[in-house]
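Here is a short report for a reader who is new to this structure. It begins with one residue, moves out to the surface and the core, and ends with the chain as a whole.

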Amino acid sequence: MRSERGLDRFVTFLDAVVAIAITLLVLPLTEVLQGVEPGQSLGSVLSDEGGQFFAFFLSFAVIARFWLVHHRVVEAVGAYDVPFLLLNLLWILTIVLLPFATQVVGSFPPEPLAVLIYIGTITVSSASLTAITFHIWRKPALHRDADESTPPTPWAALATTGILVAALLIGTLSRRINYGAMLLLLLSGPVESWLRRRERAR
């Protein structure tokens, strides 16, 4: 097991990368204004580039949610090992790729490959978080000593990943639904709440 100082440095590094990635999301929006033709109204520009703005807000919400989940999970960690480092690096790779996937959404029609890149990146990110949660849950040596730092169980994270896998399949196989399959994520909150209530009732 490594030192707590090393853990703090690693988590700080992850947080910094997330902050950079979420900031990069806005760059395509600034480029929208650079290509405005003389006499074109702001309203028409915003309307024509609606896909870019939709992709920005959706990706911002996704990264913010993933960071909150990661923050809650890592709060229960007091030590780390090599698998913990590797799983977190895989997760941060998906966060770094998300601005590119977001640009794909804004630049190309909702063809299957574009949907696969975007929802697939989010799905792999969720799967990485699930793997991190499982690893911490099954390794007591990584837990903090304090009772209030008990790691969350992995079932809620697994349910969210399962919902995203379903969204990935539906979105890539159905041209009509495409990114609309992401609406399945609305089920993740109720499902996670139900799983937590069920666990507390045991």
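## A threonine in H5

This is a predicted model. Start with Thr94, a residue of helix H5, which covers residues 82-107. Is Thr94 buried or exposed? Its relative accessibility is 5%, and the cut-off for buried is under 20%, so Thr94 counts as buried.

What does Thr94 touch, once residues up to four places away in sequence are set aside? The partners are Thr121, Val124 and Ser125. With Ser125 there is also a polar contact: the two side chains meet at 3.0 Å.

## A nonpolar patch on the surface

H5 also takes part in a surface feature. Phe13, Val82, Leu86 and Leu89 make a nonpolar patch of about 360 Å². Which element gives the most to the nonpolar patch? H5 does, with three residues.

Phe13 belongs to helix H1, residues 4-24. Its relative accessible area is 42%, so Phe13 is partly exposed. Leu89 sits in H5. At 36% relative accessibility, Leu89 is partly exposed as well.

Leu89 has contacts with Phe10 and Phe13, leaving aside neighbours within four places in sequence. Ile136 is 47 residues from Leu89 along the chain. The C-alpha atoms of Leu89 and Ile136 are 15 Å apart.

## The largest nonpolar core

Now turn from the surface to the interior. In soluble globular proteins, nonpolar side chains tend to be buried together. Here, the largest nonpolar core has 41 residues. Which of them touch the most other members? They are Phe66, Phe84, Trp91, Ile95, Tyr118 and Ile122. Several helices build this core: H1, H4 (50-74), H5, H6 (112-138) and H7 (155-173) each supply at least two residues. H4 gives the largest share, with nine residues.

Take Phe84 as one of these core residues. Residues up to four places away in sequence are again not counted. Phe84 then touches Leu7, Phe10, Val77, Ile132, His135 and Ile136. Phe10 is thus named twice in this report: as a contact of Phe84 and as a contact of Leu89.

## A loop residue with positive phi

Asn178 lies outside the helices, in the loop between H7 and helix H8 (188-201). Its phi is near 35°, a positive value in a residue other than glycine. Is Asn178 buried or exposed? The relative accessible area is 13%, so Asn178 is buried.

## The whole chain

How many helices and strands does the protein chain have? There are eight helices and zero strands. Read along the sequence, the pattern is α-α-α-α-α-α-α-α. The C-alpha atoms fill a box of roughly 65 × 35 × 25 Å, taken along the principal axes.

The protein chain has 202 residues, and 41% of them count as buried. The chain exposes about 11200 Å², with carbon and sulfur atoms supplying 66% of that area. Contacts often link distant parts of the sequence: among those between residues at least 6 apart, 79% join residues at least 24 apart.

Methods:
Residues are numbered from 1 along each chain as its sequence is written. This is a predicted model: local features need pLDDT of at least 70, side-chain atom pairs count only at pLDDT 80 or more; totals for chains, interfaces and linings use all residues. Side-chain values use heavy atoms; hydrogens and water are left out. Helices (H or I, at least four residues) and strands (E, at least two) are DSSP runs, numbered from the N terminus. Buried means under 20% relative accessible area, exposed over 50%, partly exposed in between (1.4 Å probe, protein chains only). A polar contact is a pair of N or O atoms within 3.5 Å; within protein, one must be able to donate a hydrogen and the other to accept it, and residues adjacent in sequence count only if both atoms are side-chain atoms. Contact means heavy atoms within 4.5 Å. Patches are made of residues with over 30% relative accessible area and no salt bridge: like charges are joined within 9 Å, nonpolar side chains (Val, Leu, Ile, Met, Phe, Trp, Tyr) within 5 Å. Accessible areas come from the Shrake-Rupley method with a 1.4 Å probe; for residues, only the protein chains shown count as cover. A salt bridge is a side-chain nitrogen of Lys or Arg within 4 Å of a carboxyl oxygen of Asp or Glu. A nonpolar core is a set of buried Ala, Val, Leu, Ile, Met, Phe, Trp, Tyr and Cys residues joined through side-chain atoms within 4.5 Å.
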